[in-house]
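Notebook open, model loaded. I want to see how the strands and helices are put together, and I'll jot things down as I look them up.

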Amino acid sequence: MIIAARNAEATIATAVASALRQPEVAEVIVVDDASEDRTSAAAEAAGDGSGRLKLLRLTRNAGPAAARNAALAAATSPLLCILDADDYFLDGRLGRLLAAPRTWDLIADDIVMVRGSAAAAAAGLVTGPGQPQRLSLAAFVSGNIGRAGAHRRELGFLKPIMRRAFLQRRGLRYNECLRLGEDYALYVEALAAGAVFVVTAPCGYVAIERSDSLSAQHRTEDLGAIVAFDEGMLARSGLEPGARHALRAHRDATMRKWQHRRVLDRRRTHGYAAALGELLHAPRAWRHIASETLKAKATRLLPTRLPDEEPGPRLLLGQVQSLRPAR
């Protein structure tokens with residue numbers, strides 16, 4: 001079990017305790033990515049005395065990819081599992097997930113997404129693995145392209161159990177050039193290397209939706225790094241046409257977001273005239289930029305949601321599309 005943490009003092013104990021309550025867990029490796037709060041102390045305090053908790057401290061902030069790679073290097077278990085420091089497992093999650101046929105290299109369940117007090121209802125969406133469905137590279141990449149007006153449902157948010165032997169055999173690690181989308185990149189690399197990646201119905205991974213989470217913060221350089229990753233994948237030979245088409249679509253969608261951020265950066269640093277000049281060099285992003293600008297203005301005009309209007313839990317994927325049953 002791998003938990004990369006950065007300034008997660010408020011949530012890390014819940015994550016660690018939920019992992020240690022899984023009887024299948026042999027080790028929980030927490031990597032404190034140079035936190036500026038009491039993340040390490042809170043993680044240690046959540047230990048259960050079994051000796052399964054291991055804590056690594058990085059002396060400089062290296063990012064989630066580097067922190068997870070440090071844990072991969074220290075791991076000894078044949079199966080690896082990722083848990084974000086602000087998420088947690090419901091009891092029995094791993095047992096339910098591992099009850100599926102062991103014909104996979106990576107296996108993940110649909111994620112229960114909650115906000116605040118809605119966490120109490122999360123267990124109501126857990127059904128067990130059901131019939132696993134296999135992800136192709138094309139389906140996975142396409143499943144990471146956001147849809148306007150819809151909840152974020154990117155497949156890159158999935159937190160699979162992974163066979164350590166497969167990662168080692170293929171020389172796979174998290175891409176440390178990425179501080180956003182590092183999960184997406186690893187899963188793309190794994191699928192391109194022939195991994196069998198299956199997805200099941202929800203088994204008990206609970207993710208807390210936060211507007212200030214790292215995945216919700218799209219810095220210009222982060223988006224540019226994902227574009228560069230996609231272009232690197234497209235330069236490879238041997239990709240199936242469907243996968244190549246999906247990678248182009250994902251690259252183009254990410255590039256539109258990157259160009260939007262560049263326009264905003266220019267406006268902030270050099271004013272509206274410079275931003276207009278930047279915009280003129282990105283004609284393919286005009287529709288996206290106009291849509292995002294209107295959405296931002298509408299959000300400012302709409303009344304703030306009251307606490308008793310907090311939405312209930314939802315599934316990340318819901319009805320999984322464009323997949324095929326695992327064989």
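I started with β2: 6 of its 6 residues are buried, so the strand is largely enclosed by the rest of the structure. For me, buried means under 20% relative accessible area, exposed over 50%, and partly exposed in between, with a 1.4 Å probe and protein chains only. Helices (H or I, at least four residues) and strands (E, at least two) are DSSP runs, numbered from the N terminus.

Note on the source: this is a predicted model, where local features need pLDDT of at least 70 and side-chain atom pairs count only at pLDDT 80 or more, while totals for chains, interfaces and linings use all residues. Residues are numbered from 1 along each chain as its sequence is written, and side-chain values use heavy atoms, with hydrogens and water left out.

**The β2 neighbourhood**

I checked which way the β2 side chains go. Val28, Val30 and Asp32 point one way, Ile29, Val31 and Asp33 point the other way, and all are buried.

Next I looked up the sheet around β2. It is an open sheet of 3 strands, ordered β1-β2-β3, with parallel pairing; two strands pair if DSSP finds at least two bridges between them. β1 and β3 are the edge strands, each pairing on one side only. On average, neighbouring strands here are turned by 15° against each other, direction ignored. Axes are lines fitted to C-alpha atoms (for helices over the stretch in contact), and angles run from 0 to 180 degrees between N-to-C directions. Helix α3 packs on this sheet and touches β1, β2 and β3, its direction making about 145° with that of β2. I count a contact when heavy atoms are within 4.5 Å.

Now the pairings. β1 and β2 run parallel and are joined by 4 bridges, and Ala4 has Val31 of β2 as its bridge partner. The chain gets from β1 to β2 through α1, in a right-handed β-α-β crossover. Right-handed means that, with the strands pointing away from the viewer, the path from the first strand over the helix to the second runs clockwise. On the other side, β2 and β3 pair in the parallel sense over 6 bridges, with Val31 opposite Leu56 in β3. β2, α2 and β3 also make a right-handed β-α-β unit.

**Helices α1 and α3**

I listed the buried residues of α1 (residues 12-20): Ile12, Ala15, Val16, Ser18, Ala19 and Leu20. They pack against β1 (2-5), β2 (28-33), α2 (39-45), β3 (53-58) and β5 (88-89).

In α3 (residues 64-74), 8 of the 11 residues are buried, so this helix too is largely enclosed by the rest of the structure. Its buried residues include Arg68 and Asn69, and the buried set packs against β1, β2, β3, β4 (79-81) and α7.

**Helix α7**

What does Glu182 of α7 touch? Beyond residues up to four places away in sequence, I get Pro64, Ala65, Arg68, Tyr174 and Asn175. At 7% relative accessibility, Glu182 counts as buried.

I then tried α7 against α8 (residues 220-234): the two pack at an angle of about 5°, with axes 11 Å apart. They are therefore roughly parallel to each other, a label for angles under 35 degrees; over 145 is roughly antiparallel, 65 to 115 roughly perpendicular and the rest oblique. Tyr184, Ala185, Val188, Glu189 and Ala192 of α7 make the contact with Phe229, Asp230 and Met233 of α8.

**Cores**

For a nonpolar core I take buried Ala, Val, Leu, Ile, Met, Phe, Trp, Tyr and Cys residues joined through side-chain atoms within 4.5 Å. The largest has 82 residues, and Met1, Ile3, Ile12, Phe140, Leu158 and Phe197 touch the most other members. Helix α7 (residues 182-192) gives the most to this core, with 7 residues. A second, separate core of 7 residues includes Tyr88, Val114, Val206 and Ile208.

**The other sheet**

Last look: an open sheet of 4 strands, in the order β5-β11-β7-β12, with mixed pairing. β5 and β12 (314-315) are at the edges with a single partner strand each, so one side of each has no neighbour in the sheet. Inside it, β7 (residues 112-114) and β11 (residues 205-208) pair in the parallel sense over 3 bridges, and Met113 has Ala207 of β11 as its bridge partner.
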